[in-house]
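Please load the model in a viewer and keep the sequence panel open beside it. The stops below give selections in order, with a note on what each one shows.

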Amino acid sequence: MMSDNLLVPGVATILDIRDETSNGDTKTFWVQFDKPEDAFVHRPGQCAMISVFGVGESMISITSTPTRGWPIELCIKRAGRVTGALHDSQIGDKVGLRGPYGNIFPVEDWKGKNLVFIAGGFALAPVRCLIDYCLAHRDWFKHIDIIYGARSPGDLCFKPDILERWPKEKDTTVSLTVDRADEAGTWKGPVGFVPSFVEQVKPSPKDTIAVTCGPPIMIKFVLQVLPKLGFTDEQTFTTLELKMQCGVGKCGRCNIGDKYVCVDGPVFNLTQIKKLPAEF
Amino acid sequence: MAESPVPKATRLVTKAGLGAWLAALAADNTVMGPVMVDGKPLFRALAAGQEGDVDLESVHTVNSPKVGVLPQTEPMVRYRLDKDSGGAPTLSTEAPDSGPPVVVFGVRPCDAVAIELLDKVFLTGDFVDGAYKERRDKVTVVSVACPVPAKSCFCDSFGLTPGASRGADVVLYGRSGPGKVEGDAYYAVAYTDRGEALLGSAGSKAAGVADLPGTEGQKMENAISSFRALKTPLGDKLGRIDVAGKLDGLFENPYWEKISARCVSCGTCTFVCPTCYCFGVADTGAAGQGVRFRYWDSCKFPQFLTMAGGHNPRPAKKMRSRQRFMHKLNYYHHRYGEYLCVGCGRCVESCPVGLHLPLVAGDVRGL
């Protein structure tokens, strides 16, 4: 059993490390607890705190669907000390792991609806968990639209999913774009930023839930496009992130107004977000 | 206040016997209390033999007794990585020993309430903080009613009084009532089982904690009532602070910019505050061996919310000042139904630029 001390992680092992981007700045880590009894069951939207002992902890969204069980996958971009130390790790290295934290996408409420997933860059990570969860329960939903873009073809993450696996799923459309095509000219698909691409793909708001994750600037403009297409605030979901230390609503770090992203989020619909002070 | 908790036990402790009592308690407990250090009253764990030096005259210590339940730094886990055995690396973790029970002695009634406000954060909600709980379950809080509130005190602005018992296991009330610092003895009143056990312990009895003379019941009642009726100078001027609703609409008010211009981001307010609890978690040591600990952090520091990559949602002083006052007077109230301030006045005394809570609470009413 893990300690009653919420801040004490279980010991886990890195089983695999996979490059997601061509420049090597984003990798997916496959991790598994050393003690099977430490294993938790997460739900789409939730995060885990991963740590390199001697360096520190980082809160990372879980990118693998709970329907696939363990090991779980964490897609991590090299950004600071902890993520840097993780990127420098080898398969077989020990890490700390605790979780799952945060609220969930209200998937049960979406039964019978169409789903539109809009993601940019490595922020496909949290949405990927949700997409695979929904695909594992394919009968619950009508059409599934996946709209995804990155700066360049080399920055598109989860290529086996976006290029091969998802397009083959029943009644599922995958639309990809890049900000800039590569110089080699291998990219034959659409070129343009995600928000304007969403306007072109033009998903119907009728009986549809839209979920968007990406860099703040992308989210900002996607949230301007969706209402133009007829999506209401209640139909529109996104995730927020803020610096976290405890992950359990105690350390006073990740509040936006009276909400803590770690326990009240990370998933919010647009109605909820509009009630928050603009401080994130 | 209409507060009337039922005492579980009443005793009499002479002032001259306090040191002996604390020395007796120190046999089984870590005793923390207020002592003068270089002319300043500080709240800290008493060293052996220091029991007689406890200072109950100063209205409050410069630092707050929250150290009794939330140490400034606290190890969470020790780790050791063995990599050189040739096989797969192994990582062992070990929880630190939480130590003996703690008597948090001689705090003021406001500080005892503050501990309860921290309890709400750490012990309620979907997650109970195990490290905090383990320590807290072993803490007995002994407060002492304030005979003469300081000019910076404003507990009554939050509905408390210099004789409040909330959060305390035992309250000491000066036998001669409020108004006089000097007196020969204290009524020791236990309001909880834990307090009753402390007063009734063999050590307490041996150290002269005596039964209350039957003839003195009414006199004690009168003294307690007088403490509870006592007003504080600043609180009397300010009146009741109830600004949570008003603050709902003031997030974007230019007031925050104006008031925070003089803030020097030193974080003193958060460190002396008995209700500020925000913490960070960090590792010290090397990759092979070390300790992960938590430490008090401060929302007044620019780095508090700076993320890897450099984004900081609160880059300006006005945002950080607003965060602190909103947390105390609005956000916490939304989550827990009361204010995260007990009116101890430490920020009034310690802020180098006079940017303190009663000032802001008063200003907010006029916005």
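**Chain B as a whole**

Begin by selecting chain B, in which buried residues make up 46% of the 367 residues. The model is a predicted one. The secondary structure of this chain consists of 13 helices and twelve strands. Aligned on its principal axes, the C-alpha trace of chain B spans about 70 × 65 × 40 Å. A compact globule with 367 residues would have a radius of gyration near 21 Å, and the 22 Å of chain B agrees with this. Among contacts in chain B with a separation of 6 or more, 74% join residues 24 or more positions apart.

**The eight-stranded sheet**

Next, select the strands β3, β2, β6, β7, β8, β9, β1 and β10 of chain B, which in that order form an open sheet with mixed pairing. At its edges are β3 (40-45) and β10 (210-211) of chain B, each of which pairs on one side only. Within the sheet, pick β6 (residues 102-107) of chain B together with β7(B): these pair in the parallel sense over five bridges. Which residue in β7(B) stands opposite B:Val103? That residue is B:Thr140.

**Helices against the sheet**

Add α2(B), which lies across β6, β7 and β8 of chain B and runs at about 150° to β7(B). Then add α6 (residues 217-229) of chain B; this helix lies across β1, β8 and β9 of chain B, at about 95° to β8(B).

Now isolate helix α4 (residues 193-200) of chain B and show side chains. Its buried residues are B:Gly195, B:Leu198 and B:Leu199. These residues lie on the same side of α4(B), because they cover an arc of only 95° around the axis. In an α-helix, residues three or four places apart point the same way, because there are 3.6 residues a turn. To see what covers the buried residues of α4(B), display elements including β1 (9-14), β7 (139-144), β8 (170-174), β9 (185-190) and α5 (202-206) of chain B.

**The four-stranded sheet**

Move to the strands β5, β4, β12 and β11 of chain B, which in that order form an open sheet with antiparallel pairing. The edges are held by β5 (90-94) and β11 (279-285) of chain B; each has a single partner strand, so one side of each lacks a neighbour in the sheet. On average, neighbouring strands of this sheet are turned by 20° against each other, direction ignored. Zoom in on β11(B) and β12 (residues 289-296) of chain B, an antiparallel pair with seven bridges. There, B:Phe279 has B:Trp296 in β12(B) as its bridge partner.

**The contact with chain A**

Bring chain A back into view. How many residues does each chain bring to the contact? Chain B brings 40 residues and chain A 35 residues. On the side of chain B that touches chain A, at least two residues each come from β4 (73-82), β5, α2 (109-123), α3 (130-136), β11, β12 and α11 (317-336) of chain B. The most is given by β11(B), with six residues. Coloured by type, this side of chain B divides into 26 nonpolar, eight polar and six charged residues.

**Chain A**

Finally, select chain A alone, with its seven helices and 14 strands. Its C-alpha trace spans about 50 × 45 × 35 Å along the principal axes, and 52% of the 280 residues of chain A count as buried. The radius of gyration of chain A is 18 Å, which agrees with the value near 19 Å for a compact globule with 280 residues.

Technical notes: Residues are numbered from 1 along each chain as its sequence is written. Chains are lettered from A and ligands numbered from 1 in the order in which they are written. This is a predicted model: local features need pLDDT of at least 70, side-chain atom pairs count only at pLDDT 80 or more; totals for chains, interfaces and linings use all residues. Two strands pair if DSSP finds at least two bridges between them. Axes are lines fitted to C-alpha atoms, for helices over the stretch in contact, and angles run from 0 to 180 degrees between N-to-C directions. A residue is buried if 20 or more other C-beta atoms lie within 10 Å of its own, exposed if 12 or fewer, and partly exposed in between; C-beta atoms are placed from the backbone. The arc is that of the directions from the helix axis to the C-beta atoms. Two residues are in contact if their C-beta atoms, placed from the backbone, lie within 7 Å. Ala, Val, Leu, Ile, Met, Phe, Trp, Tyr, Cys and Pro count as nonpolar, Asp, Glu, Lys and Arg as charged, and the others, Gly among them, as polar. The radius of gyration is taken over C-alpha atoms; the globule rule is 2.2 Å times the number of residues to the power 0.38.
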